[in-house]
Amino acid sequence: RSKVIVKIRNNSMKKGGYMIEENKSSMKNSVRRLIIAGIGVLIQIIWVVVLVMRLNQYSQIITLLTVAIELVLVLAVYSMDTNAAFKLPWIILITVAPIVGICVFFLFGRSGATKKVRARYRKIDQQLFAYLNQDEQIIEELSKKDERLANDFKYLWKCASSPVYKNTDVKYYGDTCDAMAAQLEDMMQAKKFIFLEYHAIEMAESFQALRKVLMAKAREGVEIRILYDDAGCIGFLNPRFIKYMESMGIQCRVFNPIMPVLNIFMNNRDHRKITVIDGKVAYTGGYNLADEYFNITHPYGQWKDSGIRFEGDAVQTATILFLEMWNALREQDVDIEKYLPVYPYKAKEQGFFALYGDSPLDKEPAGENVYMNLLRHAKKYIYFTTPYLILSDEMTRELTGAAKRGVDVRIITPGIPDKKTIFQVTKSYYPQLLKHGVKIYEYTPGFMHEKQCICDGEIVVVGTINLDFRSLYLHFENAALFCGYEAVSHVKEDFEALFPICKDMSKEPSERTRRLRLSQLILRLFSPLM
């Protein structure tokens, strides 16, 4: 294992090879494509706004019609079944600038996707999630031990079609190099298939060792599938990546390609991170397949991330989540059963484990609800790590409410941000949270990218879900909820090692200029739309 870790950290690339060429050209090509797409969308928005404004100048009827539409639209936004924080900025924009507000709302402010997209996912989910079943004896056993914890898992089965498993082992990695080393070792043992789904992939040093394993396994006849998000890979990959990988016998698909055409669904991204190997072993966590996640490069200081490896019955859910996204893009797999093999496995530990996905296409914010459920029944302490802190009123109330009950509530955010504007929004939440007893820590060595939570040393969440609106409402996400494992204590140890090297914001001066407060207030108001 140590040799593999060293290889990941120190692996060098040959000059003149495809990897170097791709690394040099991907940023230029991807940014150019993003600019072209942005210009195309902007031109369409301007055209619609100008057209409406010109018509508005020539007719009182159109003016009255605009006012009527404004009133109806404000009422419609107010009545939407969504978080109130999403409604307020739209109401203000439509009221203050009716022409622009109405046009932009109809383009971007309606449902998270078109009816066609929703129907496609609904059909796929009905087919795939039928393979997942809940063993009621497991629920009964957990209920006898702790009804509160059992209710957390019951929620996931009822509202996210995610069963809780017992015959599963889990290992936690607080170092991404350790996680990738284990991942590579498991991939080298693959006999049937390897599925990779990541928000961001960079054809650079971190991907070199993984690429070699994938190519070797493809030559052996192992089925390899790679799914990545187009927006997540802007600056990392260009379209030649797909041709290159497919020439090696590796299948690739891109989620929601960025196009210079207005698209309601464009705002929803695939933020999941899943690896499935033969339906036997799976990985998930916060890290993507790019150099900064393994501290090969340091654009924002020391990068902190984590992940888990799990083996046993729960891997079936990971396979289903991957196939959901894969089949939503193109033709569907007919023989699902071949990717859901039954292996004789005897778990070493007697814990309880559930992997769950969160989708913006339903009206169930599973990611946020899991966090809030843990806050509601926390007795002693609950700790979070998140790269972004943009909270709904409901989440804020649960955080401060737990602190008021005497629960030790702590949140670790980055010390060096990757997005300065978003970091100002994050900091705008500090005063209110600190005032009511929530403790905020900034990870001074660099960027905190972990997305995890531990409650009372009993139950843990590790996954891809940030404490921000995009993760909780707009993105496809995934996470694992588990208890009764030694890995829970390892997560606790990871938190305890972080606090001493973090800045306790409750001990820092809270002086903010009026200008800073105003800018943070405006950013915070429109943060749900960012």
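**Figure 1. Ile194 stands opposite Ile277 in strand S5.** This close-up, like those that follow, comes from a predicted model. Strand S2 (residues 193–198) and S5 pair in the antiparallel sense. Their pairing runs over 4 bridges. S5 spans residues 274–277. Ile274 and Val276 point one way from S5. Thr275 and Ile277 point the other way. All of these residues are buried.

**Figure 2. S5 and S6 form a hairpin.** Strand S6 covers residues 281–285. S5 and S6 run antiparallel and are joined by 4 bridges. The bridge partner of Ile274 is Thr284 in S6. There are 3 residues between the two strands. Asp278 sits in the turn. Its phi is positive, at about 60°, although Asp278 is not a glycine. Most residues other than glycine have a negative phi. Is Asp278 buried or exposed? Asp278 counts as buried, because its relative accessibility is 5% and the cut-off for buried is under 20%.

**Figure 3. Seven strands, S1-S8-S6-S5-S2-S3-S4, make an open sheet.** The order is as written in the title, and the pairing is mixed. S1 and S4 stand at the edges. Each has a single partner strand, so one side of each is left without a neighbour in the sheet. From one strand to the next, the twist averages 10°.

**Figure 4. Strand S4 pairs with strand S3 at one end of this sheet order.** S3 is residues 223–229, and S4 is residues 251–255. The two strands pair in the parallel sense over 5 bridges. Asp229 has Phe255 of S4 as its bridge partner. Helix H11 (residues 240–247) belongs to a right-handed β-α-β unit with S3 and S4. S4 is mostly covered, with 4 of its 5 residues buried.

**Figure 5. Helices H9 and H10 are roughly parallel to each other.** H9 spans residues 176–188, and H10 spans residues 205–219. Their axes come within 10 Å and cross at roughly 10°. Why are the helices called roughly parallel? The crossing angle is roughly 10°, and angles under 35 degrees count as roughly parallel. From H9, the contact is made by Met180, Leu184, Met187 and Met188. From H10, the contact is made by Ala209, Leu210, Val213, Leu214 and Lys217.

**Figure 6. The largest nonpolar core has 102 residues.** Helix H10 gives the largest share of this core, 7 residues. Ile201, Leu214, Ile382 and Leu399 have the most contacts inside the core. Which residues does Ile201 touch, leaving aside its neighbours within four places in sequence? Ile201 is in contact with Phe207, Ile226, Tyr228, Cys233, Phe236, Leu237, Phe241 and Leu289. Another core, of 54 residues, lies apart from the largest one. Among the residues of this other core are Val170, Tyr172, Ile454 and Cys502.

**Figure 7. A second view of sheet structure shows 8 strands in an open sheet.** The strand order is S9-S16-S15-S14-S10-S11-S12-S17, with mixed pairing. Which strands stand at the edges? They are S9 (352–358) and S17 (502–504). Each has a single partner strand, so one side of each is left without a neighbour in the sheet. Neighbouring strands are turned by 15° against each other on average, direction ignored. Within this sheet, S11 (residues 408–414) and S12 (residues 439–443) pair in the parallel sense. Their pairing runs over 5 bridges. Pro414 has Tyr443 of S12 as its bridge partner.

**Figure 8. Ser161 has a positive phi in the loop between H8 and S1.** Helix H8 covers 147–160, and strand S1 covers 168–173. Phi of Ser161 is near 55°. Ser161 is a residue other than glycine. Its relative accessible area is 31%, so Ser161 is partly exposed.

**Figure 9. Asn151 and Asn373 are 8.9 Å apart in space, C-alpha to C-alpha.** In sequence, Asn151 and Asn373 are 222 residues apart. Asn151 is found in helix H8. Asn151 counts as partly exposed, with 39% relative accessibility.

Note on methods:
Residues numbered from 1 in each chain as written. Predicted model: local features only at pLDDT ≥ 70, side-chain atom pairs only at ≥ 80, totals over all residues. Heavy atoms only, no water. Buried < 20%, exposed > 50% of the residue type's maximum accessible area, 1.4 Å probe, protein only. Pairing = 2+ DSSP bridges. Right-handed = clockwise from strand over helix to strand, strands pointing away. Core = buried A, V, L, I, M, F, W, Y, C linked by side-chain atoms within 4.5 Å. Contact = heavy atoms within 4.5 Å. Axes fitted to C-alpha atoms, helices over the stretch in contact; angles between N-to-C directions. Parallel < 35°, antiparallel > 145°, perpendicular 65-115°, else oblique.
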